[in-house]
Amino acid sequence: MGVKLYGHPMSSCTVRVMACLYEKGVEFELVPVNMFAGEQKMPDFLAKNPFGKIPVLEDGDLTIFESRAITEYISKKYHAPATDDLLRSDSPEESIAVRVWVEVESHHFQPAMSPIIFQHFVAPLQGKAPDQAIIDDHLAKLAGVLDVYEARLGKTKYLAGDFFSLADLHHFPYMFYLMKTPWAAAVTDRPRVKAWWEGMCGREAFKKVAEGMKFEK
Amino acid sequence: MVVKVYGPDYASPKRVLVCLIEKGVEFETVGVDLFKGEHKAPEYLELQPFGSLPVVQDGDYTLFESRAIIRYYAEKYKDQGTELLGKTIEERGLVEQWLEVEAQNFHPPIFDLVLKVVIGPLRGLTPDPKQLKESEDKLCQVLDIYEERLSKSKYLAGNFFSLADLSHLPFTQYLVGKMGKEYLIRDRKHVSGWWDDISSRPSWKKVLELWPGLY
């Protein structure tokens, strides 16, 4: 009984987990959840995640939801000595930095990004016009966050230090979608953020998940 | 050199204070006055570039984001004080899951309510009833799920107290204080029992005694 991931290849949170599974070389089965049919709100799925959101991971007897909890679990459970530790547990200084920048993505980057992605990509699929006021408001917030990143990446190659970590990985899905909006200049106008992003795009794990990331029904 | 925690009068830093007390780690505190804008001063932004609370200084290390800080100390001091991360990788996975639930589902609506009902009036602002109702409804949906979970499990991650429960203390305390929203907890039998349990821990009582804040 292998690892099963319930989700959708275009869903940012599913992508976050898939990227981590690929980085750690963990074999898994992606079980598609039909979001457009509301499958995630049906009793069978709610039994796995009472919040009715994807993704959910099943690994043996463990069922776990919340993408950033899943990536943390995978990083710990499937850390083999030959692969880089995404959590940098052997070094207090490095592991502190990873924890801090994981939270930065969660509490500063995501809240600024998520409404932009929703308004630009998802609202039209629901037959609604994007709300430009919401987009503009969050672009301003995003600018503030990316200014902090630009300064940070002047001191370190990646967010937590001179090493790729879970903190960088968690950014992949929203960054990927941002680059497909009319506001990619938020990244390309900031040379260090741009270099950081382009470096990450070369990773095999990211190339694999990118194939499924298209907003369509 | 003792751990320094900035901003003890406010809620998010209290997440760190209660964790350090549970782990038996000594610390001192440094006051930061949000109402005077001290969190936006250049010296503070050197420590925390987003201007949020808390910041912790521990020797040469500077840490910010309260949930990063509590995870760090719970791991570093795994062998002393209360076990806050479960005993196995799987239990740790469930602790992380419910910590993320707190951060992603519980925190946004309760933070909005606190900002509008407690902090706003101190700045002369009146809350919009429609927005208040929206946040309260969202919080109720989350608390209904907690009620179901806590009818099967003594604490959120399992039958053991963990960081996931601890993380709820600072902002839930507002609900049962002068905010006048205690009914959100008391209307739900299992959430109510869980709240009484976690809020009566000596660590939380000590935090409230020493840093009563705006509750």
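Start in the loop between β4 and α3 of chain A, where you will find A:Glu66. This is a predicted model. Check the backbone first: phi of A:Glu66 is near 75°, a positive value in a residue that is not glycine. Now turn on the surface. A:Glu66 has a relative accessible area of 13%, so it counts as buried.

Go to chain B and select B:Glu65. This residue lies in the loop between β4 (61–64) and α3 of chain B. Its phi is near 70°, again positive without being a glycine. B:Glu65 is buried too, because its relative accessible area is 9% and the cut-off is under 20%.

Step on into α3 of chain B, residues 66–76. The helix is mostly covered, with 9 of its 11 residues buried. Colour some of them: B:Arg67, B:Ile70, B:Arg71 and B:Tyr73 are among the buried residues of α3(B).

**The cis prolines**

Select A:Ile54 and A:Pro55. The peptide bond joining them is cis, with omega about 0°. A:Pro55 sits in the loop between α2 (43–46) and β3 (56–59) of chain A.

Then select B:Leu53 and B:Pro54. A cis peptide bond joins this pair, and omega is about 0°. B:Pro54 belongs to the loop between α2 (42–47) and β3 (55–58) of chain B.

While in chain B, highlight residues 1–81. UniProt, in an unreviewed entry, places the feature "domain: GST N-terminal" there. Over that stretch the chain is 36% helix and 20% strand. The end C-alpha atoms of the stretch are 20 Å apart.

**The interface**

Show both chains and select the residues in contact. Chain A brings 29 residues and chain B brings 28. The area buried between the two chains is about 2,700 Å², and carbon and sulfur atoms give 68% of that. Pick out A:Phe51, A:Ile96 and A:Arg99. These three supply 22% of the area that chain A buries against chain B, more than any other three residues.

Stay with A:Arg99 and display side chains. A:Arg99 meets B:Glu75 in a salt bridge, at 3.0 Å from N to O. Between chain A and chain B there are 5 salt bridges. Polar contacts across the interface come to 10 residue pairs, both partners at pLDDT 80 or more.

Which elements of chain A give two or more residues to the side that touches chain B? They are β4 (62–65), α3 (67–77), α4 (92–125) and α5 (132–152). Select α4(A) for the most: this helix gives 12 residues. Colour the chain A side by residue class, and the split is 15 nonpolar, 5 polar and 9 charged.

**Two buried stops**

Next, find B:Asp112 in helix α4 (residues 89–122) of chain B. Is B:Asp112 buried or exposed? It counts as buried, because its relative accessibility is 19% and the cut-off is under 20%. Leaving aside neighbours within four places in sequence, B:Asp112 is in contact with B:Gln131 and B:Ser135.

Finish at A:Ala167, in helix α6 (residues 166–169) of chain A. At 0% relative accessibility, A:Ala167 counts as buried. Display what surrounds it. Not counting residues up to four places away in sequence, A:Ala167 touches A:Val98, A:Trp101, A:Val102 and A:Leu159. For a last distance, pick the C-alpha atoms of A:Ala167 and A:Arg190. The two residues are 23 apart along the chain, and those atoms are separated by 19 Å.

Methods. Residues numbered from 1 in each chain as written. Chains lettered and ligands numbered in written order. Heavy atoms only, no water. Contact = heavy atoms within 4.5 Å. Buried area = accessible area lost by both parts, 1.4 Å probe. Salt bridge = Lys/Arg side-chain N within 4 Å of Asp/Glu carboxyl O. Polar contact = N/O pair within 3.5 Å; in protein donor to acceptor, adjacent residues only side chain to side chain. Helix = DSSP H or I, 4+ residues; strand = E, 2+ residues; numbered from the N terminus. Nonpolar A, V, L, I, M, F, W, Y, C, P; charged D, E, K, R; others polar. Buried < 20%, exposed > 50% of the residue type's maximum accessible area, 1.4 Å probe, protein only. UniProt positions renumbered as here; feature names shortened; annotations may be inferred.
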